[in-house]
Amino acid sequence: MILFWRKKPWVDLQHEEEFIPKNYSERGVDTGAKLEDQLVGNVDLERIFYATESMDLRASMAWLEKHQEEFDETTFIVNTDDGNALDALKGHHPRLIINKMGLTRIRHLNTFLNKANEALVDGGYLLCHSRTSSLKRAIFIKRHPGLIGKVLYAFHYLWHRIIARLKLTRWFYMWVTKGKNRSYPRVELLGRMYRAGFEVVDERFHQGEFFILGQKFRKPIWDDDPTFGALVKLNRVGYKGNMIGVYKFRTMFPYSEYLQPYILEHEGLQKGGKFAHDYRVNFWGRKLRSSWLDELPMFINVLKGQMKLVGVRPLSRSYFKLYTPEMQALHISVKPGLLPPFYYDKKTPETLEEIQESEKRYIEAYHQHPFATDWRYFWGTIGNILFKHKRSH
């Protein structure tokens, strides 16, 4: 069955093929999820995927219209910027929803994604597309080369990425633009998909457009409050397993916290136990992390009694699950700290196992002599930071 809500043209930006960099991609796309590696089991989805893989967006949508009557009654092609319109699909048990309208034109994007999740059967698919902010920048600079192009893009960035996000100015941006032609980084789009309960099973750039295929694997999240400001509050596992909100300066793109399972699956861990090739960290975030400035707001948690100066790292739920059951129990037996024990060690741990061993040595020593252990670890860590240049990456 095919339904259409035709409110706006399905091409959300005028395509300017001559300005699109050939073979454009972004960091992490090549190693990301690919449909070829999945057991899909949806005949319509596989047919659409292989029939349109050599087409641009306009030709792909034209192909969908031409063949719409040939699809199964559980396949729905929509063209809407209103997530609430998807409520009408719930009684039809859709297994595949394709939205022809670009994500940048949807005013309430989270609502749309969540409603799509609620309409789909378990294991159902959502196929959507967008033009990412980085691709917009590449096209913009190529179309306006030289200094004038950089100046013009600076104003574009100020309008679509800063004024559009700040609480004091967001209302004005939405009033002027009606929420159309917005600018989203690829990481944010992937993160929003995971927040909405979709596992990304394919992502790719193709002829000037970013395509995302998500599969429903859990219920969407409605009751959180994602932020865009410089100061973020991240949910972390604290003392006795209680969740605490850890304050940090933003170093990642918005919605990055929802993307941890995807990064872990497709990028793995690097030396030091952190995520390898973590493209969620933005340019300014790398600068902040190299100087430890991003962690200064954690002193708020210290003052609130949720953390102390020295202690195990406060971990996200997904990272905490990587620990052995023994280490999980040990980890939550002490308050987390601002300065982790592995910066005290002579040789910085390089694997997850070595990090757990480092924390185990600290925790066991702390349980025997709390004050003396923290005093020793504090000055040892400060010395390593100042004289051996150990840094947070």
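**View 1. A nonpolar patch on the surface, with Ile162 as one of its members.** Leu147, Val151, Phe155, Tyr157, Leu158, Ile162 and Leu166 make up this patch, and together they offer about 650 Å² of accessible area. Patch members have over 30% relative accessible area and no salt bridge; nonpolar side chains (Val, Leu, Ile, Met, Phe, Trp, Tyr) are joined within 5 Å, like charges within 9 Å. Areas were computed by the Shrake-Rupley method with a 1.4 Å probe, and for residues only the protein chains shown count as cover. Ile162 belongs to helix α5, residues 147–163; helices (H or I, at least four residues) and strands (E, at least two) are DSSP runs, numbered from the N terminus. Ile162 is classed as partly exposed because its relative accessibility is 32%, where buried means under 20%, exposed over 50% and partly exposed in between (1.4 Å probe, protein chains only).

A word on what you are looking at: the model is predicted, so local features need pLDDT of at least 70 and side-chain atom pairs count only at pLDDT 80 or more, while totals for chains, interfaces and linings use all residues. Residues are numbered from 1 along each chain as its sequence is written, and side-chain values use heavy atoms, with hydrogens and water left out.

**View 2. Lys180 and its surroundings in the loop between α6 and α7.** The loop runs between α6 (167–177) and α7 (186–195). Lys180 has 15% relative accessibility and therefore counts as buried. Its side chain makes a polar contact of 2.4 Å with that of Asp81. Such a contact is a pair of N or O atoms within 3.5 Å; within protein, one must be able to donate a hydrogen and the other to accept it, and residues adjacent in sequence count only if both atoms are side-chain atoms. Setting aside neighbours within four places in sequence, Lys180 touches Asp81, Thr104, Arg105 and Tyr173, contact being heavy atoms within 4.5 Å.

**View 3. Aromatic pairs around Trp171 and Tyr194.** Rings of Phe, Tyr and Trp (its six-membered ring) pair if their centres lie within 6.5 Å; planes under 30 degrees apart are stacked, over 60 edge-to-face and the rest tilted. That rule gives 23 aromatic pairs. Trp171 and Phe172 meet edge-to-face, at 5.8 Å centre to centre and 70 degrees between the planes. Trp171 is exposed at 56% relative accessible area, whereas Phe172, at 34%, is partly exposed. Tyr194 and Tyr262 form a tilted pair, 5.8 Å centre to centre with 55 degrees between the planes. Tyr194 sits in helix α7 and Tyr262 in helix α8 (residues 260–267), so this pair ties together parts 68 residues apart in sequence. Both rings belong to buried residues: Tyr194 has a relative accessible area of 4%, and Tyr262 is at 0%. Ring pairs also link Trp159, Trp171, Phe172, Tyr173 and Trp175 into a cluster.

**View 4. Salt bridges that involve helix α7.** The structure holds 19 salt bridges, each a side-chain nitrogen of Lys or Arg within 4 Å of a carboxyl oxygen of Asp or Glu. Glu203 and Arg186 are joined in this way, at 2.7 Å from N to O. This pair links distant parts of the chain, with Glu203 in strand β4 (residues 198–206) and Arg186 in helix α7, 17 residues apart. Both partners are buried. Arg192 bridges to Glu188 at 2.8 Å, N to O. These two are four residues apart in helix α7, so about one helical turn separates them. Arg192 is buried at 5% relative accessibility, and Glu188 is buried at 0%.

**View 5. The salt bridge between Lys308 and Asp374.** The closest N and O atoms of Lys308 and Asp374 are 3.0 Å apart. Again distant parts of the chain are linked: Lys308 is in strand β8 (residues 308–310) and Asp374 in helix α14 (residues 370–387), 66 residues apart. Lys308 is buried at 14% relative accessibility, as is Asp374 with a relative accessible area of 15%. Elsewhere, salt bridges with shared partners join Asp87, Lys90, Lys115 and Glu118 into one network.

**View 6. The two ends of helix α9.** Asn282 caps the N-terminal end of α9 (residues 283–290), where a side-chain oxygen lies 3.4 Å from the backbone nitrogen of Trp284. After α9 comes Trp292, with a positive phi near 70 degrees.
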